[in-house]
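Dear colleague,

I am handing over the structure below, and I would be glad if you kept it open while you read. My notes on what was found in it follow.

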Amino acid sequence: QPSPANARAAEQPLPMPNFSSISREDRELIEQVQSRLLSESTAFNAGNDPEYLNRRIATLMTEQIEVSGRVISDRERMRLTRLAQAELLGLGPLEALLADESVSEIMVNGSQQIWVERNGKLTETNTRFADDDHVRRIIDRIISPLGRRCDETTPMVDARLPDGSRVNAIIPPLCLNGPSLTIRKFFK
């Protein structure tokens, strides 16, 4: 039976982890879950049912942890599961920023610099992407459902998220610091 202190710690919400601080071992675990999910025909038959996919990712994460022989706490397993869900179904490190009602704009200047605007003031976050390829994958995830692309032949694209937020993405050779992404959130 968990102690009251452990029970309180388990109930507290987990912060979205910093993607640049993820260990190689954790990244490999997420990639294995992604590979297994993509190989399952049931995941494709589920269509766009996020509830099913979230549950399936949680199950696959638990199975992969057991296969790897790692012994981790329930809290760490939940953190890895949330990380995998954000990475595989959402916009990775941007998920927490998009959910934050106080953030009106998100500016990604390469993988290691993410700024937000809150109440008209710019502040740098401690959120990071793993690398420039990670930023490119998120840009592709945003614009590919819209039938758009962002590559060397079309290095700049403007788009909208399903909620109406405006997105602007620029990749090298038009930008010098790596892929850049700006999301101006749409408020209801």
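Before the first helix is described, please note that helices (H or I, at least four residues) and strands (E, at least two) are DSSP runs, numbered from the N terminus, and that the expected span of a helix is 1.5 Å times one less than its number of residues. This is a predicted model, in which local features need pLDDT of at least 70 and side-chain atom pairs count only at pLDDT 80 or more, while totals for chains, interfaces and linings use all residues. Residues are numbered from 1 along each chain as its sequence is written, and side-chain values use heavy atoms, with hydrogens and water left out.

With that in place, helix α7 has 12 residues and reaches 17 Å from its first C-alpha to its last, close to the 16 Å expected at 1.5 Å a residue. Its buried residues (buried means under 20% relative accessible area, exposed over 50%, partly exposed in between, with a 1.4 Å probe and protein chains only) are H134, V135, I138, I139, I142 and I143. Seen down the axis of α7, these buried residues fall within an arc of 160°, so they line one face of the helix; the arc is that of the directions from the helix axis to the C-beta atoms. An α-helix has 3.6 residues a turn, so residues three or four places apart point the same way. The buried residues of α7 pack against α2 (24-39), α5 (74-89), β1, β4, β5 and β6, where contact means heavy atoms within 4.5 Å.

The strands come next. An open sheet is formed by 6 strands in the order β3-β2-β1-β6-β5-β4, with antiparallel pairing; two strands pair if DSSP finds at least two bridges between them. Because β3 (121-124) and β4 (156-160) stand at the edges, each with a single partner strand, one side of each is left without a neighbour in the sheet. From one strand to the next the twist averages 15°, where axes are lines fitted to C-alpha atoms, for helices over the stretch in contact, and angles run from 0 to 180 degrees between N-to-C directions. Helix α7 (residues 132-143) packs on this sheet, touching β1 (103-109), β4, β5 (166-170) and β6 (180-184), and its direction makes about 45° with that of β6.

At one edge, β2 (residues 114-118) and β3 pair in the antiparallel sense over 4 bridges, and W115 has E124 in β3 as its bridge partner. In the loop between β2 and β3 lies N119, a residue other than glycine whose phi is nonetheless positive, near 50°, and which counts as exposed at 74% relative accessibility. At the other edge, β4 and β5 pair in the antiparallel sense over 5 bridges, with N168 in β5 as the bridge partner of D158. These two strands form a hairpin with 5 residues between them, and G164 in the turn has a positive phi of about 100°. The covered face of β4 holds V157 and A159, whereas M156, D158 and R160 are on the uncovered one.

Finally, please look at the loop between β5 and β6, where P173 is placed, since the peptide bond from P172 to P173 is cis, with omega near 15°. Most residues other than glycine have a negative phi, and most peptide bonds are trans.

With best wishes
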